[in-house]
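Reader: I'm new to reading structures. Please pick one part, look at it closely with me, and then carry on from there in one go.

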Amino acid sequence: MDHSRTPLFTALTQHAAKNPVQFHIPGHKKGMGTDTEFREFIGDNALSIDLINIAPLDDLHQPTGVIEEAQILAADAFGADYTYFSVQGTSGAIMTMILTMCSPGDKIIVPRNVHKSVMSAIIFSGAKPVFVSPARDENLGIDHGITVRSVQRALDRHPDTKAVLVINPTYFGVSANLKEIVDLAHSRHVPVLVDEAHGVLTHFHPELPMSAMDAGADMAATSVHKLGGSMTQSSVLNLNTKNGYVNPQRVQTIISMLTTTSTSYILLASLDTSRRNLALNGYAMAQSAIDMAQSARKQINEIEGLYCFGKEILGGEATYDYDPTKLTIHVRHLGITGYETENWLREKYNIEVELSDMYNILCLITPGDNEETISILVNALRELAQTYYNVNTANELVVKIPEIPQLSLIPRDAFYGDTEVIPFKESAGRIIAEFIYVYPPGIPILLPGEVISQDNIDYIVDHVDVGLPVKGPEDRYIQNVKVIVETDPIF
């Protein structure tokens, strides 16, 4: 295919060049009706292609023209049979995967460290999650992926499972052997869905973990905006229909149900042009990011008190491969938390990191970086270490993760059940009816339908006390929590 073409973006610019008289939404009409300061900042070019699904520009909900052409090109670029554009982010694509595969009561095997969008889809679908614990890294205090053996055990115990969901790679860039997991699931006639939010470049460089489509997975939600150059909130859903588990017409129906009818053509155009850039230059883009990241990793590991893992972490079932463009920087030996490190970098160097936790910060190196940005990061980390190393006492690494709570109700039943609000610190033994998760990255600690334990309460309170971003409950301060009403027994 001719990947130099951008059917949708070209149609938008040609339409804008005609300067049509518009009697349709958006009401700003090429910027004339918008705020003056905003218009001057955004620019007339962007506002001129902020359009809707008029006939010359096709319709994302039932594409037959330039959007369909753009999606066909994207499918070719990603090695998929079908590709659907998402303006609801990767969250919308993940929810589409689950709602396509699961009906009320169906079981789905999922890692415990899934993104909250997975649990949202489980609530919407009425599915029953079968949780698999990810492998815990006792040296870094982070979670990796799920192992082949753990998936096998789950399939043995739940042979009626309708799908397996895998994160590949994880937020920290580590992946298990996805191909083995896919082959195992398919041997049991179970489709595999992949949260590939942090894996868009894996399609374009052999030194990165295997992509979901190359591994033979059936569906993959891929964030083009995170690492591939498109605008925030734009992603793709890739389908492999060769195994017969996925009905593309059903997928189109579900993703349409979840998608606004006022689709952003600016976001869609950024997907079209990013596909062109990745198809033509993806290898070079990925290589540049890998080279910069490896240079930064080497320099960081020469700084006393800091550690940034590389290929030495590989060799276990859950650490089959890794993405070197993710810099997970362990700061425990400086005697400060990752959260404190994030704030220090912001205040002293105007640096914003991807996330922080108790012991680490995560920095993403992308094709948008250069030697200057890498130098700023490394120099800031040198000063950080000089400020704190051998000054503070190193924190003891305490991996205090509660056991996966008992799921007493299907999440949808709990979410929509009869509830009452009680003090969180007094909620041990009760069934929670809302989410509690750490964001970023949005990994749940408690889910609707689970029994709250004292360990859960202590773990969450510890995170709140050190300032880590625990979110989810309607009470943003987590003083109170919504639980299922306990009715008196009838004799």
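Author: D462 lies in helix α15, which covers residues 454-465. Helices here are DSSP runs of H or I with at least four residues, strands are runs of E with at least two, and both are numbered from the N terminus. With a relative accessible area of 30%, D462 counts as partly exposed: buried means under 20%, exposed means over 50%, and partly exposed is what falls in between, using a 1.4 Å probe and protein chains only. Now look for A197: 265 residues separate it from D462 along the chain, and their C-alpha atoms are 29 Å apart.

A quick word on what you're looking at. This is a predicted model, so local features need pLDDT of at least 70 and side-chain atom pairs count only at pLDDT 80 or more, while totals for chains, interfaces and linings use all residues. Residues are numbered from 1 along each chain as its sequence is written, and side-chain values use heavy atoms, with hydrogens and water left out.

For a contrast with D462, try T263, in the loop between α10 (248-258) and α11. T263 has a relative accessibility of 4%, so it counts as buried. Leaving aside residues up to four places away in sequence, T263 touches L51, L60, H61, V87 and L268, where a contact means heavy atoms within 4.5 Å.

L268 turns up again where two helices meet. α11 (residues 265-300) and α1 (residues 7-17) have axes that come within 7 Å and cross at roughly 130°; the axes are lines fitted to C-alpha atoms over the stretch in contact, with angles from 0 to 180 degrees between N-to-C directions. That crossing makes α1 oblique to α11, since under 35 degrees is roughly parallel, over 145 roughly antiparallel, 65 to 115 roughly perpendicular, and the rest oblique. P7, L8, F9 and L12 of α1 make the contact with Y265, L268, A269, D272, T273 and R275 of α11.

Next, follow α6 (residues 116-125). Because 7 of its 10 residues are buried, α6 is largely enclosed by the rest of the structure. Those buried residues are S117, V118, M119, A121, I122, I123 and S125. They pack against α5 (89-101), β2 (107-111), β3 (128-132), β6 (163-167), α14 (411-415) and β18 (443-446). Right after α6 comes G126, with a positive phi near 80°.

β6 also helps to cover α8 (residues 178-187): the buried residues of α8 pack against α7 (148-157), β6 and β8. Those residues are L178, I181, V182, L184, A185 and H186. Just past α8, H189 has a positive phi too, about 65°.

Finally, the rings. There are 4 aromatic pairs, meaning rings of Phe, Tyr or Trp (its six-membered ring) with centres within 6.5 Å; planes under 30 degrees apart are stacked, over 60 edge-to-face, and the rest tilted. One of them is F78 with F204, edge-to-face at 5.7 Å centre to centre and 65° between the planes. This pair links distant parts of the chain, 126 residues apart: F78 is in α4 (residues 66-78), and F204 is in the loop between β8 (192-196) and β9 (219-222). Both F78 and F204 are buried.
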